[in-house]
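Here are a few exercises to work through with the structure open beside you. Try each task yourself, then read the solution step by step.

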Amino acid sequence: MATFKDFRNNVKPNWCPGCGDFSIQAAIQRAAANCGLTPEELAVISGIGCSGRISGYIHAYGLHGIHGRALPIAQGVKLANRDLTVIASGGDGDGFAIGMGHTIHAIRRNINMTYVVMDNQIYGLTKGQTSPRSAEGFVTKSTPKGSIESTLSPLELALSAGATFVAQSFSSDIKQLTALIEEGIKHEGFSIINVFSPCVTFNKVNTYEWFKENIVNLDTFPEYDPSNRIHAMTKLMETGGLLTGLIYQDKNRRSYENQISGFRETPLAEQDLALSEEQFDQLLAEFK
Amino acid sequence: MINQLSWKIGGQQGEGVESTDRIFSTALNRLGYYLYGYRHFSSRIKGGHTNNKIRISIDPIRSISDDLDILVAFDQESIDLNAHELRPGGVVVADTKFTPTVPEDCDIRLFSVPITAIAEELGTSLMKNMVASGASWALLGLPLDVFNRAVEEEFGRKGPAVVEKNVEAVKRGADYVLELAGGPLDDFKLLPADGKQKLFMIGNDAIGLGAVAAGCRLMSAYPITPASEIMEYLIKQLPKFGGTVVQTEDEIAAVTMAIGSNYAGVRTMTASAGPGLSLMMEGIGLAGMTETPVVIVDTQRGGPSTGLPTKQEQSDINAMIHGTHGEIPKIILAPSSIEECFYDTIEAFNLSEKYQVPVILVTDLQLSLGKQSCEPLDFNRIVIDRGSLVQEAPEREDKALFPRYAFTENGVSPRVLPGQKNGIHHVTGVEHDETGRPSESAENRKKMMDKRLGKLDSLVVRDPILAQALYETPDVLIIGMGSTGGTIDQARELLENDGLTTNHLTIRLLHPFPADEVRPYVEKARHVIVVENNATAQLAGLLKLHVGHAEKISSVLKYDGNPFLPSIIYNECKHICTLSKELV
C-alpha cells in the first residue's frame, strides 16, 4: 500500500520559508495515502498563484492551468475518468476573485471531487495586493488607505449555493486538515475545504498567532451537528467565519455523475468510441 | 414544367412560420427534391417579422436564389418586406383577414384565402398555418397525400383528433385556392424529382452527428445563437453512448472543462459564436501550450460585441487566428457544405489528437442554421485516429516522470492519460521541460517553442482547398469560404454567360494558410476576387499576406447581416472586371 512518501517528489517548492502552503501539501499527501490511493489514481488540478504550484509538488497526475479555472478543468477530468480521485486546489484570489463564478457553479453541480483552497487573504505571487478575503481596512499595495470592500465569506456562500460538504481548517492543524481532506475525498459529491494558510511575507495581520487566538475549532464542540444547514450558517456568522472543522455535510444528495442519465460506471475515457453501421443508420433516421 | 422554384413564408415570430416550413420541406424531401433553406429571424421569441425561404430543385443546390416564386403571407408586413423578391408572374397567398394588397406596378398574382376564418371554423386560429401551407402546396400541383403524411408526423404525438383536424385544414386551404385559381398553376409545376429521399438537416446537426461519429462523448458549452443546436443535438444523442453535455456557467468554463476532459482522455468539444470565442481565448492558449487536444466550433454571426446575433457574417477570421496571446500552433478548418460539416468535424477531432493542438471548426450562421439536402453520408469514411496515445508506459525508476513533452522528430510527443501506470508527468501552462516541469532555461524555451510550433510543419490535411478550376488562365478567380460557395457558383454561371471565364477556390484550411496550394491559381488568374461576409476583407488580407499579388486582388464584401445573393456577387465581379479594363 502506498504511503504519504509515495506522493512526494523531489521538487523544492518555491514558497517562502514558513508559508502555510507546505502543511497543506503534506496534508493532501497524507490524506491520499490514508484513502488507500496510489499516485496514478490521483489528479491534482491547480490554478495560478503561489498556491497554484502545488500540483507540481505532489507525485501524482497534475495539471497547473490558468488563473481561476482550476475547477472547470478538474470537473472535466472527473467526468472523463470517474475512477480518478480529483483534487482541485488554488488560492483565495484564484477561487474567490477571478474564479468565483466557477466556484459557485461547481458547488451547485456537485461533481464528486475535492476543492482545497489555500486562503492567505492576500495576493502573494504578485507581491501583496488585496484579495476578496482581505479584511475591511486592510492595507496593501493596491489599498494603501485600507480596503473599502467588504470581506467575502466563502463558506456562507457555499452553503447558500447548495454545498454538500463544507469544511475549514488551519494549516498549523495538520491532523484536523488531513482528516478533513480524507473525509472530503470520501464524500460523494463536491467538497470544499477552505484552509487558513498564513502568508508570512505580505500579510502581517492574519498571522499564525492571530489565527491561533481567533479560531473557533468545532472539534471542541462534540455536540455540533454538521448535518444541520441552518446551524452551520449561524455558527459561521457567529464566528465571523473563523470556524474550523467539518461545518456541514449532506450525505443524501447524490453526486452529479450519479444523476446523469445514461452515464456509465466505466470511465468514459476507457469506452470504445467506434459506432457500428447500425448505430450510424439509426442516427441518420431522424434526418429523413 | 420547371426544374426549380423558391417558396417563402412570412409572418410574426411565434406565428407558426417555423412549423409550416418544417412540414412543407419534409414533404418535399419525401418526394426527393433538393432543398436549401434560409431563416430570417430576430433576436426575440415572439413578435417581429420573420420569414423562411426554401429553394426547391430537382438538381443539387447550395444557395438561396435572388428571386421568389411563391410568398405565403400571414400579414401585410410580410408582403411589403418581401414582394420585391417575387419574379414577374409570382404568386402571393395571403389571409383575406387583413385585406392584403400587392404593389400595383408589379406583375404579381394575389390569392386571397380566408386563412384565419377557415382555421377558426375548424376550431382554432392556430391551424391557419396548415390552411396556408395546404393552399400553397396545392398551387404547385404536388400530391396531397405526401403532405398529409408530413402533417401526421408533426402532430401525431398530439393524438389522431388533432391530426385529423390539421389534415382537414390543409384540404380546405387547398380546395379554396384551387377553385380560385382554376386548378394548379401550370407555370409552377415542378418536374418530378428522383423520388429518393435525401438527408435533410442544418449544419449544426451535421456537426453534432459528426461529433458522435468521431467518438466525442462529452461536450461542455454555454447557449448562444447560432451554435446552440449543436449542444441540443448532443444532449439528445450522447446519453445513448454513455456520455453527456454539461451546460457550463460561461464559455471560459466550457473551454477549460473540455480541455480537462480531453487531457483525461475523452474526446470533448465545445461550440460557440464570436462572443464566446473571445472569452475562450486564454483557454485555447492553455490547450496550445500544454499540447492538449480540444475541438472548438465557432459558428460566426454578426459582430462586434453582441452585433447582429441572428444574422450572417464571417468576421471572426482574424480573431480565430490571432486572438490568443503568445504563439501557439492551432488548426482552423472551415467546412463549406452540409456534408463537410459532418466529415470535417470528424477530421477536426483526429487532427486535434494527432497533432495535440486546439482545432477550431468554423462555420457561419447560414451554414449552421440553413436547412438543406445532404448527400448520403458514408459510414466508411468515419475513421478515428487518436494519434500517439501510449497504451502501456514502460516502468520508470525512482518516481522519474514520463516525458510527456519529449522532443521528437515531428514535435509530437507520446501521450499518456491520467490513471495510467508509469505515466505520471506534469502539465502546466508555464514553459516547461520534457517532463512538464516548469523551466525558465533559455535553451529549453527555444527548443520547446520550436517543437510546439513545428508540429504543424508536418501537417497533412485532406483538401486544404477545394478547387473548381476548369480554366488554365481564367479571367476571374473567385475565392471564398463557408456558406458562400453555392452563391458564388451561381454568380459564376451569370459571369460565364457574359463570356468571362471563372475558377473558384474554397479555402477549407483557414490556418495554417495553404499558401502553396492557393498560389498557382492566383498566379494564373487575371483577376482575383475574394468574396466574404465582413467589412475589413479579412480573408483577402490572409491571401495578400501569404500569397502576395495584392495588385490583382479585389474584394466583394457584405456586412449588412444578410447572406450574398448571386446577383450581388455577379454585379460586383462584373464591375471589378470592367473597371480594370477601362484602366488598361
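**Exercise 1.** Which residues are buried in helix 15 of chain B? Then check the length of this helix.

*Solution.* Keep in mind that you're looking at a predicted model.
- Step 1: Go along the helix and apply the cut-off: buried means under 20% relative accessible area. You'll pick out Gly485(B), Gly486(B), Thr487(B), Ile488(B), Asp489(B), Gln490(B), Ala491(B), Arg492(B) and Leu495(B).
- Step 2: Helix 15 of chain B covers residues 485-497, which is 13 residues, and at 1.5 Å a residue it should span 18 Å.
- Step 3: Its end C-alpha atoms turn out to be 19 Å apart, and that agrees.
- Step 4: Look just past the helix, where Gly499(B) has a positive phi of about 90 degrees.

**Exercise 2.** Work out the strand order of the five-stranded open sheet in chain B, and find its edges.

*Solution.*
- Step 1: Reading across the sheet, the order is 16-18-17-20-21, and the pairing is mixed.
- Step 2: Strand 16 (465-468) and strand 21 (553-557) of chain B each have a single partner strand, so they're the edges, with one side of each lacking a neighbour in the sheet.
- Step 3: On average, neighbouring strands here are turned by 20 degrees against each other, direction ignored.
- Step 4: Zoom in on one edge: strand 16 of chain B pairs with strand 18 (residues 502-507) of chain B in the antiparallel sense, over four bridges. In this part of the sheet, Ala467(B) sits opposite Leu505(B) of strand 18.

**Exercise 3.** Is Ile45(A) buried or exposed, and what does it touch?

*Solution.*
- Step 1: Find Ile45(A) in strand 1 (residues 42-46) of chain A.
- Step 2: Its relative accessibility is 0%, so Ile45(A) counts as buried.
- Step 3: Leaving out residues up to four places away in sequence, its contacts include Leu63(A), Ile73(A), Val77(A) and Val86(A), plus Tyr263(B) from the other chain.
- Step 4: Compare sequence with space: Ile45(A) and His64(A) are 19 residues apart in sequence, and 6.0 Å apart from C-alpha to C-alpha.

**Exercise 4.** How many residues does each chain bring to the contact between chain A and chain B, and what area is buried there?

*Solution.*
- Step 1: Count the residues: 57 come from chain A and 68 from chain B.
- Step 2: The buried area is about 5000 Å², with carbon and sulfur atoms giving 65% of it.
- Step 3: Look for the main contributors on chain A: Tyr61(A), Leu273(A) and Phe287(A) supply 17% of the area that chain A buries against chain B, more than any other three residues.

Key
Residues are numbered from 1 along each chain as its sequence is written. Chains are lettered from A and ligands numbered from 1 in the order in which they are written. This is a predicted model: local features need pLDDT of at least 70, side-chain atom pairs count only at pLDDT 80 or more; totals for chains, interfaces and linings use all residues. Side-chain values use heavy atoms; hydrogens and water are left out. Helices (H or I, at least four residues) and strands (E, at least two) are DSSP runs, numbered from the N terminus. The expected span of a helix is 1.5 Å times one less than its number of residues. Buried means under 20% relative accessible area, exposed over 50%, partly exposed in between (1.4 Å probe, protein chains only). Two strands pair if DSSP finds at least two bridges between them. Axes are lines fitted to C-alpha atoms, for helices over the stretch in contact, and angles run from 0 to 180 degrees between N-to-C directions. Contact means heavy atoms within 4.5 Å. Buried area is the accessible area (1.4 Å probe) that two parts lose on being put together, summed over both.
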